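Reader: I'd like a close look at the ligand and what sits around it, please. Take your time and go contact by contact.

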Amino acid sequence: MSKDTLSITDNRTGVTYEIPVESGTIRAMDLRAIKTSEKDFGLMSYDPGYMNTASCKSRITFTDGDKGILRYRGYPIEQLASKSTFLEVAYLLYFGKLPSAEEAIRWDHGIRYHTMIHEGIKQFLNGFRYDAHPMGILVSTVAALATFYPESKKVFDAETRRIQFFRLVAKMPTLAAFAYRHRMGMPYIYPENTLSYAENFLNMTFHGSEPTALRPPDFEHDPVLARALDTLFVLHADHEQNCSTSSIRMVGSAQTDPYTAVSAAGAALYGPLHGGANEAVLRMLREVGSVEKVPAYVKQVKAGEKKLFGFGHRVYKSYDPRARIIKKCADQVFEVMGRNGLIDIATELERIALEDDYFIQRKLYPNVDFYSGLIYEAIGFPAEMFPVLFAIPRTPGWYSQWQEHLTDPEQKLARPRQIYLGEEARDVPAPELPELVK
Ligand code: CMC
């Protein structure tokens, strides 16, 4: 007769323990009962990088890395990408259901209503160097929003949380576009609330006084670009317990306000192993330089001298489903904006890597970042904006996960343990006096 338990015999003591198994998981705290003596602290698990540790129970996003499946609230990403807008998906993540027609109108209106940012934020922007990285600006200014909305500290008040959700989703594109304009030395363009979410962001970023060369041609008249950006936003909206989401859950466990918590998530996203990878991909493709040089580059990767950015994933051990959709999106954008020459290098890198034993054995496939940068570049964004373009759509995912964590009665202040390998207790030596003083 099978039982949902695990029997563990501690060979140090010969004692056997029976531990419950729930959802394929044992509770780490159950290991504490396993002791060699009364004074023993009890057994812990050691898991650098949280490779095999579930930190929460969640009902938001499901991934199956072996099968290449991604679903938000049960809906397959392929269907959401083709049938839903980003704002509908943001609503879905937070409220747990797709909006009805009436709810969609109210939600959309609420977002448009909250897109303005306080003029005071512009003072912060002016303090940044002319060439400040826009992600540094975004992470700082989103944290600063907490000082404009001090009531956001009431994290256990559902209505307060709901209002901050509107504000954050609405203001992130404005902060992002202002960060871009600051770097380019251009005047800020205020939100134009007759436009859709993606159109408004494109408008605030590119519209107006800049040289024509920097502006995508008439995107207002070409819905393909706004639609492509919106699809990319859908694909980036959430991805369960990744590094930045785990960061917001951890910071949120201290009951920090959501703006500061989102800033912490953005800080995690910024790194080149996470959301900064799309920027790294573009630099890598430029470094490779031409299709002919791809085999030599792959050789360097296999020798451990280089990393193939945009390849590999902690969860996906098959093709990242988002990369498949992005590839299609790229073709649509190139039709409008002209072909990005780097796509040939990327395609050749993918072809060679997918046939090579090194990548096959390690199950390394293109991830979401491999092709997204090419689209962003074709639309007109510089590489520094790529992580910012990841942070905007990840905000509703972060926020929904933050709220889920906060309202989960099982959760506590996050505080991992360590294995201390440092010095034993020792006395501070008497100061050595210089010769003269002696
Ligand atoms: N290029 C070359 N080799 C790689 C790569 C890569 N991109 N990724 C993993 N490997 C090798 C790695 O060297 C190791 O080889 P070995 O067994 O010989 O030591 C093996 O594959 C396993 O790698 P790992 O580092 O243990 O795997 P991980 O799950 O810790 O790494 C990763 C996941 C995403 C950090 C890694 O694949 C990577 O650095 N990729 C490039 C950066 C990137 O594209 N990041 C975006 C991830 S998707 C979007 C997001 O999460 O933000």
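Author: For the contacts here, a polar contact is a pair of N or O atoms within 3.5 Å. Keep in mind that this is a predicted model.

Let's start with the surroundings. The ligand has 20 residues around it, and the closest ones are His274, Lys307, Leu308, Gly310 and Arg314. Sort that shell by character and you get ten nonpolar, six polar and four charged residues.

Now the polar contacts. Leu308, one of the closest residues, takes part through its backbone: a polar atom there is 2.7 Å from a nitrogen of the ligand. With Arg314, also among the closest, the side chain does the job, placing an N or O atom 2.8 Å from a ligand oxygen. Then there's Tyr358, where a side-chain N or O atom is 3.1 Å from a ligand nitrogen. As for cover, the ligand on its own has 930 Å² of accessible area, and 71% of that is covered by the protein.

While you have the model open, have a look at Ser253 too. You'll find Ser253 in the loop that runs between helix 9 (243–252) and helix 10 (258–270). Its relative accessible area is 11%, so Ser253 counts as buried, the cut-off being under 20%. The Ser253 side chain reaches back to the backbone oxygen of Met250, at 2.7 Å. Setting aside neighbours within four places in sequence, Ser253 also touches His405, Lys412, Leu413 and Ala414.

Notes:
Residues are numbered from 1 along each chain as its sequence is written. This is a predicted model: local features need pLDDT of at least 70, side-chain atom pairs count only at pLDDT 80 or more; totals for chains, interfaces and linings use all residues. Side-chain values use heavy atoms; hydrogens and water are left out. Helices (H or I, at least four residues) and strands (E, at least two) are DSSP runs, numbered from the N terminus. Buried means under 20% relative accessible area, exposed over 50%, partly exposed in between (1.4 Å probe, protein chains only). A polar contact is a pair of N or O atoms within 3.5 Å; within protein, one must be able to donate a hydrogen and the other to accept it, and residues adjacent in sequence count only if both atoms are side-chain atoms. Contact means heavy atoms within 4.5 Å. A residue is near a molecule or strand if one of its heavy atoms lies within 4 Å of it. Accessible areas come from the Shrake-Rupley method with a 1.4 Å probe; for residues, only the protein chains shown count as cover. Ala, Val, Leu, Ile, Met, Phe, Trp, Tyr, Cys and Pro count as nonpolar, Asp, Glu, Lys and Arg as charged, and the others, Gly among them, as polar.
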